[in-house]
Each structure stands twice: as structure tokens, then as C-alpha cells.
Amino acid sequence: MHVLPRYPYRRPPELDGRPQDPRPAVVIGGGLTGLSLALDLARRGVPVLVLDDDDTVGVRGLASRGMCWAQRTLDIFERLGVAGRITAKGVAWNVARVLARDQPVTSYTLQDQPDLRHNGFANLQQYYVEQYLVEALQAEPLAEVRWLNKVEHMASHQGGVRLTVGTPDGPYELDAQWAVACDGASSPSRAALGLAPVVHDRTEDRWIIIDITVPGCDWAQERWTWLDASANGGRAVWRHKMADDTWRLDFQLREDEDAVAAATPEAMCRRVHALFGDDLVFEIAWSGVWAYRHECLADLRAGRVLFAGDAAHLVAPFGARGGNGGVQDADNLAWKLALVLNHGADEALLDTYSTERKQGAFENIRQARRSSRFVHPQGQAAARLWREAIISMAPQLPWAARCINTGRLSAPCRYTDSPLLAGDAGAGAALPDVRLGGTSLHHLLGPWFTLLVFADRLPRALASVQHPLLAVVLVSPACDRQARAALLRQLGVGADSGECWLVRPDQHVATRQAHLQPALVPALLAAALAPLPTDPPPAPAHDLHATTA
Ligand SMILES: Cc1cc2nc3c(=O)[nH]c(=O)nc-3n(C[C@H](O)[C@H](O)[C@H](O)COP(=O)(O)OP(=O)(O)OC[C@H]3O[C@@H](n4cnc5c(N)ncnc54)[C@H](O)[C@@H]3O)c2cc1C
């Protein structure tokens, strides 16, 4: 069985009275979000310090938690240089199958993958992903990770943040220009600043995860959902393959079930054997009981402290939106913080992080809530009737099959109402990484903004479009016949159409123009460096019961 790495604690110089300049950026929490953010910042030229209260990745005892990584996350990891290791170790899958009354009722394929650089999804235990991120960070001269350094207190003031950090050798003080709290669902940073998230809903629905290792098992590499498995007392079960011949099984518990009794080795083995037969030989790699709630901070920025990942918002695991959302937070924040710290951008740029990623969080909450209502309609009679009708019609009627919602899987949020976008129909969406012969669309992008010109030579009117943060790239010369067809299929754009797309550093499209007015590009770049205030995005619908945690 896999053994988690242990990282050494090193005595911080502050403990020996050596004065240190304020750090430009401190990341609190070396989990999935904090590590992704730190790697992105370091690669963008920002010296970054990560403080983590632990000395390993994941949660002790091989608790994987996250394991489904969406295509958008893989695209971000590609940019950060770790996607290759994740896809090599992980399990690629595209087909999701649903069973009702123990019979297959529908299946769907997630992604027309051959046109795109990455698969619809890759499954890999979260601790592996974090380990690869740590190893990539260790190779970055601008990054430092301090293990067993627990942030115990913080205060944000006009010019920065003062942190009190506990270590095995005692506490020390540290100043930072900016701190990003990536310290997880119970975020001590939130408490230190007197902040509490708005709770949008919570349920009593509980699940037991039983990760089992079954060497040489030939079950399909697909996501299987039993909506009402008879072997689980008519309740739901999920099955996913991960690395190391390990399978994630999520069993929905009965409302009156004793979670402690359900988590004994005997009870867990009984559950697994009931579903897959007594002959199955397996080992339990990890188990845990979970319930869920949906919550989000009112503002992801509090002065000089920003919040990202589970510290900022929490979503049920339906659709694998938590960790994927945290990586998208990192993707959205890193370039903005780097522009503020190193390129003179106005601090207001960081408010657009809050606006855009709250929109992402609310979208995730909306989707996860719909799935949870379908999987677990609770006392809602109308929802239960609808569910029963849909399930019985699904084998015959494709529209009914499409209504079966076992978790609409994580997809990138299309930002709207952001001052960083031109407001046209193509703006705000993440640019898919279309394969182009020996390269791909994302590999054509520069480190900051890129003007993609779908032509083989630059129109004269665009010759004057220049900016130190802008790369202007012709797409057509990189395209063979197949690539041209893929661009049309995936983006609806001809390689020689003359269209111009301005792409942000996080690969989201700022504008898509059939006939670009050259003045629009400097206007959008100026808006990025000094954005105007925006209205906050609307909260998820049916939010009458939102409370503060
Ligand atoms: C059962 C389950 C299944 C899931 N499946 C998926 C999935 O398939 N796909 C997906 O995308 N998401 C999934 N998620 C969600 C995903 O695991 C989380 O969203 C993700 O771990 C959040 O990452 P994070 O870095 O924001 O927080 P965390 O992973 O919680 O990391 C927080 C870090 O902060 C550190 N820390 C805490 N306090 C301090 C302090 N005071 N000082 C210093 N460091 C501190 C912790 O040690 C930790 O390293 C799942 C979650 C669960 C529970």
C-alpha cells in the first residue's frame, strides 16, 4: 500500500531573531488549492511562502477525498507542468453509467476527447496530485514551503498582514504584503478575522466511502451510479476507479443508520460483498463517513487577505466540484496577484477575483444541489414522483434519460458581468485546448494576455497593437487539415477566418471578435490593470434559508 511522504521541518530564521523583509505573498495551507496557487505564483515571478500545519500531503491514513480531476483542471495542471504525471498515474475515463433497480438505464459520454489535449476526466487519489505539486514547487527557486508551521493568528492592516506562526520550536511573527488563506473547510484564518461563510444549505444525508484495492480487477473504467441498489437497502452507490487498483465506493447510508456501526470492518465488508458477491477478494484502503453542506464567504477578499478553495466555499462532492473549483480559484487569482505585485496593477483587480470565483462557487452549488435533490429527494413528494417517473421512462425515452441527474460533472464557469471582459457572446468562457498537429492551442499562448489571430498573416490594422503583457499569435500556421477541422468542431472558428480572440492569462477568453477594432485590445488591458468596481453575483436560487455559520 502507498506510503505518504513526510517532509522535513526546518527551523525558521525568524526564531533566531534574524529580521526578514515582509514576504510579497504568503499562502496559508499546503493542500490542493494552496499548492496550485503557490506554484502558479512562483512561475509568474512572485516569491511565495507556503505555511502548512502538517508534514505530509492529503489527510493522514491515505484518505484520498478528491479523486476526479476535470478536463479544465488538467489544462491548468498542464500549464503548471504537472499534468503529465497525473495522467500517467491516473485513470482516464469518459463514460458514466446509471443503474436503477439494479439494471442499466442510461449512460453518457463526457467529452469528444480526440480533438482536445486532455481527457474528460482523470481519476487519481488527491494525495498523489498534492505530492506532484509539492515536488514541482521544490524545483521553483522563488517558492518555499514550511512544514509544521501553523498559522495561529493574523491581522490585516492597510499595508499588509501580520501572522503569528506556531512551530515545534515555538511561535514567530511574519509580515506579508498579501496572504491567501487556503486552509480548508474549517479555515482558522476566517475565524482569526471574525469572518463566517454564508451557509446556503445542509442536509442530514450521509455517505460512507469505502476505498477498496482489488488487484487485477476487470470492472469497466467507467463511473457507475446505482440510484437505488437493492444490495444497499434501495439507496445509492457510486463506483470509480483510481490508481493502484483502488476503487472508490460511496454508499448512501439509511437515515436511521448508526454511522459508527456502519464503519466497522465487518459491516463495510458485508456492504461490499452484498453488492459485488461473496467471492470478491479485496482490501480496504481507506474509509470515512461524510455529510455535506453548501457555503460561501460573502467576499473572497478581506483587506490584504484573500480566500481560496474550501476556505472560501464548500460544495457537496456530487459532480466533483470542490477540488476542481479550488484549482480554478488558484488559476484565477495567481495572475491577478502577480500583476498587482510585479506589474503595478491596481488592487481592485483582486476584487474581480472575488466576483468571478463567487460566480463559479454559486454555479457549483446550484449544480450540486440539483444532483443531491435527484439522488436524495428527502421528504419532497413532488421531487420523488418526478424521479420515479424519469427512472421508469429513461430506458425508452432519451429525453428522460437526460433528466437523470447523478452529478453534472465539474465544468469551468463562464464568467459574466466582469469588467475584464468585453461582454460579447464568446467572452468569459475557458478556451478549450484543441490539438493542433504537434502542438495545441494552449501551447501557443503567451504567459500573460494573448491575441489569437485566426489567419496566416497579421492584418495591417493590428500591427500597432502592442503591449509588454501581450503576445500576438497567428493560429493558421500551426494548423494541419485535422487541426482546422478540430477548431471548427470545438470552437466554431475557421483557422483562416480572420477572427481575433483576446485570451487572458488564465486561458479565459476576454473577447471574441469577427472584426476586431484594434482599440479594444489596449482598452481591455487597461481595464485589467485598473478595473472598475462591479456588483456581486446573485446567490443561488431558493436561498431563503441562507444563514451564517
Ligand atoms: C469524500 C470527498 C470526496 C471528494 N471528491 C472530490 C473529487 O473527486 N474531486 C474534487 O474536485 N473534489 C473532491 N472533493 C473536495 C476536495 O477534496 C476539496 O475541495 C479539496 O481538498 C479542497 O482543497 P483545499 O486546498 O482548499 O483545502 P484542504 O485540502 O482542506 O487543505 C487545507 C490545508 O491547509 C492546512 N491548514 C489548515 N489549517 C492551517 C493553519 N492554521 N496553518 C497552516 N496550515 C493549515 C491543512 O493541513 C491542509 O494542508 C471531495 C471531498 C470529499 C470530502
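Here are three short exercises with worked solutions on this predicted model, about its ligand and its domains.

**Exercise 1. Polar contacts of the ligand**

Find which residues place a backbone N or O atom or a polar side-chain atom beside an oxygen atom of the ligand, and check each pair against the 3.5 Å cut-off for a polar contact.

*Solution.*
- Start with the backbone: an N or O atom of Leu 32 sits 3.1 Å from a ligand oxygen.
- Move on to Thr 33, where a polar side-chain atom is 2.8 Å from an oxygen atom of the ligand.
- Then take Asp 53, with a polar side-chain atom 2.5 Å from a ligand oxygen.
- Finish with the cover: of the 1000 Å² of accessible area that the ligand has on its own, the protein covers 88%.

**Exercise 2. The shell around the ligand**

Describe the 30 residues that surround the ligand by element, class and domain.

*Solution.*
- List the closest residues, which are Asp 52, Asp 53, Arg 65, Gln 126 and Asn 324.
- Next, look for elements that give two or more residues to the shell: helix H1 (32–43), strand S3 (68–70), strand S9 (150–157) and helix H8 (322–342).
- Among the contributors, H8 gives the most, with three residues.
- Sort the shell by class to get eleven nonpolar, twelve polar and seven charged residues.
- Finally, assign domains: domain 1 and domain 2 each provide at least three residues of the shell.

**Exercise 3. Domain 1 against domain 2**

Work out how domain 1 and domain 2 meet, and which three residues of domain 1 supply 43% of the area it buries there.

*Solution.*
- Set the bounds: domain 1 is 26–90 + 124–201 + 294–366, domain 2 is 207–291, and the protein also has domain 3 (435–529).
- Take the C-alpha centres of domain 1 and domain 2, which are 31 Å apart.
- Turn to the contacts, where 14 residues of domain 1 touch 13 residues of domain 2.
- The two domains bury about 1000 Å² between them, with 64% of it on carbon and sulfur atoms.
- The three residues of domain 1 are Met 67, Gln 125 and Phe 318, which supply more of its buried area against domain 2 than any other three.

Definitions and conventions. Residues are numbered from 1 along each chain as its sequence is written. This is a predicted model: local features need pLDDT of at least 70, side-chain atom pairs count only at pLDDT 80 or more; totals for chains, interfaces and linings use all residues. Side-chain values use heavy atoms; hydrogens and water are left out. A residue is near a molecule or strand if one of its heavy atoms lies within 4 Å of it. A polar contact is a pair of N or O atoms within 3.5 Å; within protein, one must be able to donate a hydrogen and the other to accept it, and residues adjacent in sequence count only if both atoms are side-chain atoms. Accessible areas come from the Shrake-Rupley method with a 1.4 Å probe; for residues, only the protein chains shown count as cover. Helices (H or I, at least four residues) and strands (E, at least two) are DSSP runs, numbered from the N terminus. Ala, Val, Leu, Ile, Met, Phe, Trp, Tyr, Cys and Pro count as nonpolar, Asp, Glu, Lys and Arg as charged, and the others, Gly among them, as polar. Domain bounds come from an automatic or database domain assignment. Contact means heavy atoms within 4.5 Å. Buried area is the accessible area (1.4 Å probe) that two parts lose on being put together, summed over both.
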